[in-house]
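User: I'm in my first year and still learning to read protein structures. Could you take a close look at one part of this one with me, and then walk me through what surrounds that part?

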Amino acid sequence: MFAKVIIDQDAKALDRVFEYVIADGQDIAVGMRVFVPFGSRILQGFVVDISDSCEFDKDKLKSIISPVEDFSAIKPEMIELKKYMSKKNHLKLASVLRLFIPAEMRDGRVKELFERVYEFVPENADLVGKRGAKQLAAIDYLKEKGRATSKELAQFGQSAIKALVDKGVLRIEKRQVYRKPFALQENCKRVELNDSQKHAVETMRQNKTYLLHGVTGSGKTEVYMHAIERVLLEGKNAIMLVPEISLTPQIMSNFKSRFGDDVALLHSGLSAGERFDEWKRLFSGQARIAIGARSAIFAPLDNVGIIIIDEEHEQSYISESNPRFDTHDVAEFRARYNGCPLVLGSATPSIESYEKAKNGVYQLVELPVRANGRELPAIQIIDMMNEIRTGNSGMFSNQLLADLANVVNNKKQAMIFINRRGYSSFMRCRDCGYIAKCVDCDVSLVYHRQDNRLKCHYCGKQFKVLSRCPQCGSENIKHGAVGTEQVAAKLAEYFPDVKILRMDNDTTSTKNAHQKILSEFKNSLPGILVGTQMIAKGHDFENVVLVGIVDADQSLYHADYRSSERTFQLITQVSGRAGRSVAEGKVVLQSYSPRHYVYKFAANYDYKGFFRKEENIRQVAQFPPFTRIIRVLFADHDEEYVRGLLKTCYYKIEELKSVYGDEIIYLDAMKSPIKRIQDKYRYQIMMRLKLEHADEIEEKVFEIVDKESKNAVFFEINPQNLS
Ligand code: ADP
Ligand code: ZN
Ligand code: ZN
């Protein structure tokens, strides 16, 4: 027999299948990882096919050395998925296959954990003499229990146990133990579904994609749980994706208390051992619900009965580092392969998804009201220019300060949202305009007061704070726009006796930090939680009655066709944190351009109105979803090399214009907005295509770029982030 093997290496030259002989008696199956001879080395590979004939000269083929594990880590569905993804996203075969198994498995870092179990062998009981009191006691103990762990038997002393084993009265067995990343928390109350929730659960059962549009607090999680419950009863399994780690503690405790050990958690915050064990529990069918961030879409479950993507509009569902892929595509593939429903849930669906629902590609299901019958919190827009005119140049409006004081007096809670971490966004010399920048990246540094350092948010490098300008010597240094750290510090000045917590990338880098901050906040009355978009999603705190959005415009003026959409989503999501329980909620939204249409629609929770406006703008301006954007990003330490590559590719791509004419709406080559990251120079080709022949053109562009380049290229479709 012959095996087709994909070598687990990055080199472009190895990005194809290689054939190997399966020796007689060798137990090799499709999907197994194997050791193979390659040149003078021994490498690992994935068996993707087995057949009784070969394409290459049979006598020149080498044999597989041995399997890496004794099971097929890659299941048949995933072999098909690999074909689909590598073609659709122009990815290397090995890099796709790697997504399907825990990284720890590849470098052999994780060991499965086993414990010793001692089993009583009644036939040999007579072999114990009359004198070993401890041995006799141990036997009595085991007669009752049948088997015990070494910990349980420790009371009888090691030598007694050893003697019993030597005599054959005890038999040692190995039993696999799984590391559990999550302890069961509070019990989750069972609620009766309301009519729209029932309707949603009843509807979403066919082999289709559903867009579940439910306002914040409409009880989507409860709908997911009921749908999953049904699927389990049918004997099938479920995958549920949530956008970020910040969500996991709450979602997990809900799911764990409902489904117990059927749930496995997959995300990057786990230790290597935990992640591997959770994967293994899913793989072996011991766990039947996979929950996690993006990568959980690759959960090794068979017979999937439902796939749910919560907060489907979230950017984090698109992988921006290699291998680049969109979780929606993968989910779509797996749902069709398994013949099951795919549910996309959100209070603010992406324009792309809602457009598809409008056109009948997805089926729209709505949850129009909050599950507890409460109104959505009123959003008050504050004109910050007006504050300045009336003499308030601080970061908080008088209204926000008054409302905060109220919250504090009533021993309630507030969340303050600011989408920038650190203390201030940059340091600039007022006299000569010098801005402190990272030496490796073309970005300005962010001041972090706690460590008194300037930090680069792109590569993590840290620098000394400027006390005088290195260019002109002036001591007149100005701070840029405020970040979470400064907001928290200022609030502490206004409210010295109130617990003020901060949640952003800086405060949550250690394991379980999210959970600690959130549970501390839960117990702080009064309390204020300051944070980036991490606080915008999913949290359900009953005492939060006020949400403050310090600088709503921040996401609005990015040179990006999605900036309005993103701003609308953020406002809706953060606002949704207020007034979720008994007390009425309120939102104070501060803006320097309060008349922008985004704010009007957001303040009225008018998603449909916003969608129509945005749809119209995109259609007229020819942006996605009505066109397709391709960005080819070239990045390398050698600037001459990338520039050369850019030029060569650009001229070849330009020739496509003679064939496709005005189907190519836009084509240009340029420096990327951030010209250098981690000392790699960045150049790009941007193009915008009409949809009709977009697939065809995309394929040709890829061929051109692939032929010219080595490893310096990233290929992105409708990129989320244009930096
Ligand atoms: P969403 O994810 O849509 O924002 P959640 O799923 O977090 O909303 O639900 C909001 C709150 O409403 C939760 O506290 C949940 O327990 C509660 N809830 C959900 N469904 C019902 C229901 N049918 N009756 C009463 N409360 C419900
Ligand atoms: Zn200066
Ligand atoms: Zn940097």
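What follows is my request and one connected answer to it.

User: Please look closely at strand β25 and the loop after it, where Val547 and Val550 sit. Which residues does Val547 touch, and is Val550 buried or exposed?

Analyst: Happy to! Keep in mind from the start that this is a predicted model.

Let's begin with Val547, which lies in strand β25. Its relative accessibility is 1%, so Val547 counts as buried, the cut-off being under 20%. If we leave aside its neighbours within four places in sequence, Val547 is in contact with Met415, Val574, Arg577, Ala578, Lys586, Val587 and Val588. Leu400 makes a nice example of how a chain folds back on itself: Val547 and Leu400 are 147 residues apart in sequence, yet their C-alpha atoms are 9.2 Å apart in space.

Now step along to Val550. This residue is in the loop between β25 (544–549) and α17 (563–575). Val550 has a relative accessible area of 4%, so this residue is buried too. Not counting residues up to four places away in sequence, Val550 touches Met395, Phe396, Ile416, Phe417, Ile418 and Gln590. Leu400 turns up here as well: 150 residues separate Val550 from Leu400 along the chain, and 9.0 Å separates their C-alpha atoms.

Follow the loop onward and you arrive at helix α17 (563–575). Val574, one of the contacts of Val547, has a number inside that range. α17 has 13 residues, and 13 of the 13 are buried, so the helix is largely enclosed by the rest of the structure. From its first C-alpha to its last, α17 reaches 18 Å, close to the 18 Å expected at 1.5 Å a residue.

It helps to set another helix beside that one. Helix α11 (residues 327–338) has 12 residues, which should span 16 Å at 1.5 Å a residue, and its end C-alpha atoms are indeed 16 Å apart. α11 is mostly covered, with nine of its 12 residues buried. Those buried residues are Thr327, His328, Asp329, Val330, Ala331, Phe333, Arg334, Ala335 and Asn338. What do they pack against? Their partners are α1 (76–88), β10 (237–241), β13 (304–310), β14 (342–346) and α12 (351–358).

Helices can also be looked at in pairs. Two packed helices are described by the angle between their axes and the distance between those axes. Take helix α4 (residues 133–145) and helix α6 (residues 158–167): they pack at an angle of about 75 degrees, with their axes 9 Å apart. That angle makes α4 roughly perpendicular to α6. On the α4 side, Lys134, Gln135, Ala138 and Ile139 meet Ala160, Ile161, Ala163, Leu164 and Lys167 of α6. Sorted by class, this contact has six nonpolar, one polar and two charged residues.

For a second pair, turn to helix α7 (residues 195–203) and helix α8 (residues 220–233), which pack at about 40 degrees with axes 9 Å apart. Here the angle makes α7 oblique to α8. Their crossing is right-handed. Gln197, Ala200, Val201 and Glu202 in α7 meet Glu222, Val223, His226, Ala227 and Arg230 in α8. The residues of this contact divide into four nonpolar, two polar and three charged.

Finally, a word on the backbone. Most residues other than glycine have a negative phi, and most peptide bonds are trans. With that in mind, look at the bond from Leu525 to Pro526: it is cis, with omega near -5 degrees. Pro526 is in the loop between α16 (513–522) and β24 (527–531). The bond from Pro624 to Pro625 is also cis, with omega near 10 degrees, and Pro625 is in the loop between α19 (607–621) and β27 (627–636).

Two asparagines show the phi side of the story. Asn303 is not a glycine, but has a positive phi of about 50 degrees. Asn303 lies in the loop between β12 (289–292) and β13 and is partly exposed, with a relative accessible area of 41%. Asn718 has a positive phi of about 40 degrees and lies in the segment after β30 (713–717). At 17% relative accessibility, Asn718 counts as buried.

To come back to your question: Val547 is buried at 1%, and Val550 is buried at 4%.

Technical notes:
Residues are numbered from 1 along each chain as its sequence is written. Chains are lettered from A and ligands numbered from 1 in the order in which they are written. This is a predicted model: local features need pLDDT of at least 70, side-chain atom pairs count only at pLDDT 80 or more; totals for chains, interfaces and linings use all residues. Side-chain values use heavy atoms; hydrogens and water are left out. Axes are lines fitted to C-alpha atoms, for helices over the stretch in contact, and angles run from 0 to 180 degrees between N-to-C directions. Helices (H or I, at least four residues) and strands (E, at least two) are DSSP runs, numbered from the N terminus. Angles under 35 degrees count as roughly parallel, over 145 as roughly antiparallel, 65 to 115 as roughly perpendicular and the rest as oblique. A crossing is left-handed if the near helix is turned anticlockwise from the far one by less than a right angle, and right-handed if clockwise. Contact means heavy atoms within 4.5 Å. Ala, Val, Leu, Ile, Met, Phe, Trp, Tyr, Cys and Pro count as nonpolar, Asp, Glu, Lys and Arg as charged, and the others, Gly among them, as polar. The expected span of a helix is 1.5 Å times one less than its number of residues. Buried means under 20% relative accessible area, exposed over 50%, partly exposed in between (1.4 Å probe, protein chains only).
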